[in-house]
Every structure is written in C-alpha cells, then in structure tokens.
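Morning, everyone. Here is the structure I would like to walk through today. Have a look at it, and then we will start.

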Amino acid sequence: QVQLVESGGGLVQAGGSLRLSCAASGSIFSINAMGWYRQAPGKQRDLVARITNGGSTNYADSVKGRFTISRGNAKDTVYLQMNSLKPEDTAVYYCNADVMTGYYSNMNYWGKGTLVTVSS
C-alpha cells in the first residue's frame, strides 16, 4: 500500500501565500508523476498542477504565474507554492501520485486532502 499525506493548508487572506506539501510512503518502487488537484464545494475535482519524474510540469490556466509545483530531492515529496491567492482558490487540495509498486505494477493514489480557504 501507498499513502499520501498532505499538509500546509489553512486560512489566508487574498493576496497571501501558502505552501502545500505531500509526502508519499509505503511500497514504492518509483513514482512517475505527482500532482495537485482541487475541489471546491459543489464542483468537480480539477487538476491544479502536475510534475513528472523528469521535471516536466503543467498547470491549470487559472493558476499559471501564481502557483509553482516542485518535487523534493528524494522524489517522494511534492510541493505546491501558492502565491497571490484569490478567494476562488478556496478548495480542498488533493495530492495525487502515479506510482510503480513493482516492475510491472502501476497504480494511482490520492491523499485525503487539505483545505485551503482564501478570505476576501
């Protein structure tokens, strides 16, 4: 089994910053990609940012230029630096990882989420 544990959410005023962290642990052979998704009340879960093992990144248009995704040196941790936060960024943020648990076993995992609330 693989566990993803997020941290760093909280309440911040518009224009402020937060840094989310997600650490993966368990039966991990390697991690192909990690990412952050978010889900606001009454809305679907959408991609915020994703980073591959090779360092390629992609972002939702709504966060480009404000959010930065990065991975730790051990490649089992992913961060999301969120700057210039807006009230519309309020959501539960979920960590996601595409994990190889063996040479031929690939599975996708989710964390439990961390709440980010941006006040106006």
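Which residue in β8 is the bridge partner of L18? It is M82. One caution before we go on: this is a predicted model.

Let me place that pair. β3 covers residues 18–26, and β8 covers 77–82. These two strands pair in the antiparallel sense, over six bridges. They belong to an open sheet of four strands. The order is β1-β3-β8-β7, and the pairing is antiparallel. β1 and β7 are the edge strands, so to speak: each pairs on one side only. From one strand to the next, the twist averages 15°.

A quick reminder on sheets in general. Strands pair through backbone hydrogen bonds, and they can be parallel or antiparallel.

Now to β9, residues 91–100. Buried or exposed? Nine of its 10 residues are buried, so the strand is largely enclosed by the rest of the structure. Buried here means under 20% relative accessible area.

Which strands does β9 pair with? Take β4 to begin with, residues 30–39. Nine bridges join β4 to β9, and the two run antiparallel. Within that pairing, Y37 has Y94 as its bridge partner. Next, β11, residues 114–119. β11 and β9 are antiparallel too, with three bridges. Here Y93 stands opposite T114. Then there is β10, residues 106–110. Five bridges link β10 and β9, again antiparallel. N96 faces W110 across that pairing. A hairpin of five residues joins β9 to β10.

On to the core. How many residues does the largest nonpolar core have? It has 30. L4, M34, W36, L80, M82 and Y93 have the most contacts inside it. Two of those names should sound familiar: M82 is the partner of L18, and Y93 stands opposite T114. Several strands each supply at least two core residues, among them β1, β3, β4 and β8. The largest share comes from β9, with five residues.

Last stop, the surface. Where is Y103? Look in the loop between β9 and β10. Y103 is exposed, because its relative accessible area is 64% and the cut-off for exposed is over 50%. Y103 also joins F29 and Y104 in a nonpolar patch on the surface. Together, these three have about 500 Å² of accessible area.

So, to close on β9: nine of its 10 residues are buried, while Y103, in the loop that follows towards β10, is exposed. Thanks, that is my tour.

Terms used:
Residues are numbered from 1 along each chain as its sequence is written. This is a predicted model: local features need pLDDT of at least 70, side-chain atom pairs count only at pLDDT 80 or more; totals for chains, interfaces and linings use all residues. Side-chain values use heavy atoms; hydrogens and water are left out. Buried means under 20% relative accessible area, exposed over 50%, partly exposed in between (1.4 Å probe, protein chains only). Two strands pair if DSSP finds at least two bridges between them. A nonpolar core is a set of buried Ala, Val, Leu, Ile, Met, Phe, Trp, Tyr and Cys residues joined through side-chain atoms within 4.5 Å. Patches are made of residues with over 30% relative accessible area and no salt bridge: like charges are joined within 9 Å, nonpolar side chains (Val, Leu, Ile, Met, Phe, Trp, Tyr) within 5 Å. Accessible areas come from the Shrake-Rupley method with a 1.4 Å probe; for residues, only the protein chains shown count as cover. A salt bridge is a side-chain nitrogen of Lys or Arg within 4 Å of a carboxyl oxygen of Asp or Glu. Axes are lines fitted to C-alpha atoms, for helices over the stretch in contact, and angles run from 0 to 180 degrees between N-to-C directions.
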